[in-house]
Amino acid sequence: SAALNAGFDAAAGEVVITMDADLQDSPDEIPELVRMIRDEGFDLVSGWKKRRHDPFGKTFPSKFFNMTTRLVSGIRLHDFNCGLQAYRREVVKSIEVYGEMHRYIPVIAKAAGFNRIGEKVVQHYKRKYGVTKYGMSRLLKGYLDLLTITFISRFSRRPMHLFGGIGTL
C-alpha cells in the first residue's frame with residue numbers, strides 16, 4: 001500500500017495502471033484498460049481473473065472474500081484483489097492508500113465520489129517467480145480491513161449516525 005500511495009503521488013499521466021510484478025498478469029491487457037478509462041468514461045477499471053491458475057486453498061477463500069466485499073460495498077466487481085487496474089488520474093490524486101488497504105482501492109475510490117467502476121476479464125498465468133503471501137492470517141486481516149474501511153467510509157462524513165445525540169449534549 002505504501003508503494004502504491006507513493007506511485008500515485010508521483011503519477012503524472014492521464015491514466016494510471018497498476019500491476020503485480022509476479023508475471024501472473026500480462027501487460028498486453030493495458031491498452032484495453034486505458035481505452036475503457038478514456039472512451040467509456042470509467043474512473044477505475046479492475047481486472048477480473050475469471051479463470052485462475054491458483055490452488056483451491058487460495059481460490060475458494062478469495063471467492064468468498066470477493067462476495068463479502070461486493071455485498072458490503074455495493075460495488076459489483078468479481079475480483080477486488082486483482083493487481084491489474086487502471087485509474088483516471090483524478091482518482092489516484094484524491095485517495096490515500098495505507099496499511100493493507102490496497103485490496104480496497106475500489107471501495108476507497110467510491111467513498112471519495114468516484115462511482116464509475118468497471119471491470120475487464122484478464123488472462124491469469126501460473127506463477128513463475130516468487131511465492132504467494134496468502135494465508136489464513138492474511139484472510140483475517142483482510143476482513144478486519146473491510147470492517148475498518150466500511151466504518152470509515154460510512155461514518156466519516158456522518159458522525160452523528162454513529163454517535164446519535166451524544167455529541168449534542
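Throughout these legends, buried means under 20% relative accessible area, exposed means over 50%, and partly exposed lies in between (1.4 Å probe, protein chains only). By that yardstick, Glu29 is buried at 10% relative accessibility.

The views show a predicted model, in which local features need pLDDT of at least 70, side-chain atom pairs count only at pLDDT 80 or more, and totals for chains, interfaces and linings use all residues. Residues are numbered from 1 along each chain as its sequence is written, and side-chain values use heavy atoms, with hydrogens and water left out.

**View 1. The protein chain holds 7 helices and 4 strands.** Helices (H or I, at least four residues) and strands (E, at least two) are DSSP runs, numbered from the N terminus. Along the sequence they follow the pattern α-β-α-β-α-β-α-α-β-α-α. Of the 169 residues, 41% are buried. If contact means heavy atoms within 4.5 Å, then 78% of the contacts with a separation of 6 or more come from residues 24 or more positions apart.

**View 2. Four strands make an open sheet in the order β1-β3-β2-β4, with mixed pairing.** The edges are β1 (15-18) and β4 (117-121), each pairing on one side only. From one strand to the next, the twist averages 20°. Two strands count as paired if DSSP finds at least two bridges between them. Helix α2 (residues 30-40) lies across β1, β2, β3 and β4 and runs at about 140° to β1. For such angles, axes are lines fitted to C-alpha atoms, for helices over the stretch in contact, and the values run from 0 to 180 degrees between N-to-C directions.

**View 3. Here is strand β2 with its two neighbours, β3 and β4.** β2 (residues 44-48) pairs with β3 (residues 85-88) in the antiparallel sense over 3 bridges, while 5 bridges join β2 to β4 in parallel. Leu44 has a bridge partner on each strand: Tyr87 in β3 and Ile117 in β4. Val45, for its part, is matched with Ala86 in β3. Both faces of β2 are covered, with Leu44, Ser46 and Trp48 buried on one side and Val45 and Gly47 buried on the other.

**View 4. Glu29 and Lys120 meet through their side chains in a salt bridge (2.6 Å, N to O).** Glu29 sits in the loop between β1 and α2 and Lys120 in strand β4, so the pair ties together parts 91 residues apart in sequence. Lys120 is buried, with a relative accessible area of 15%. A salt bridge here is a side-chain nitrogen of Lys or Arg within 4 Å of a carboxyl oxygen of Asp or Glu, and this rule gives a count of 6.

**View 5. Around helix α2, Arg38 forms a salt bridge with Glu14 (3.3 Å, N to O).** Arg38 belongs to helix α2 and Glu14 to the loop between α1 (2-10) and β1, 24 residues apart. Arg38 is partly exposed at 48%, as is Glu14 at 43%. Glu32 and Arg35 also meet in a salt bridge (2.7 Å, N to O). Being 3 residues apart in helix α2, Glu32 and Arg35 are separated by about one helical turn. Glu40 joins Glu32 and Arg35 in a network of salt bridges.

**View 6. Helix α3 (residues 56-73) carries Phe64 and also Phe65.** Phe64 is partly exposed, with a relative accessible area of 45%, whereas Phe65 is buried at 6%. Between the C-alpha atoms of Phe65 and Gly142 there are 8.1 Å in space, and the two are 77 residues apart in sequence.
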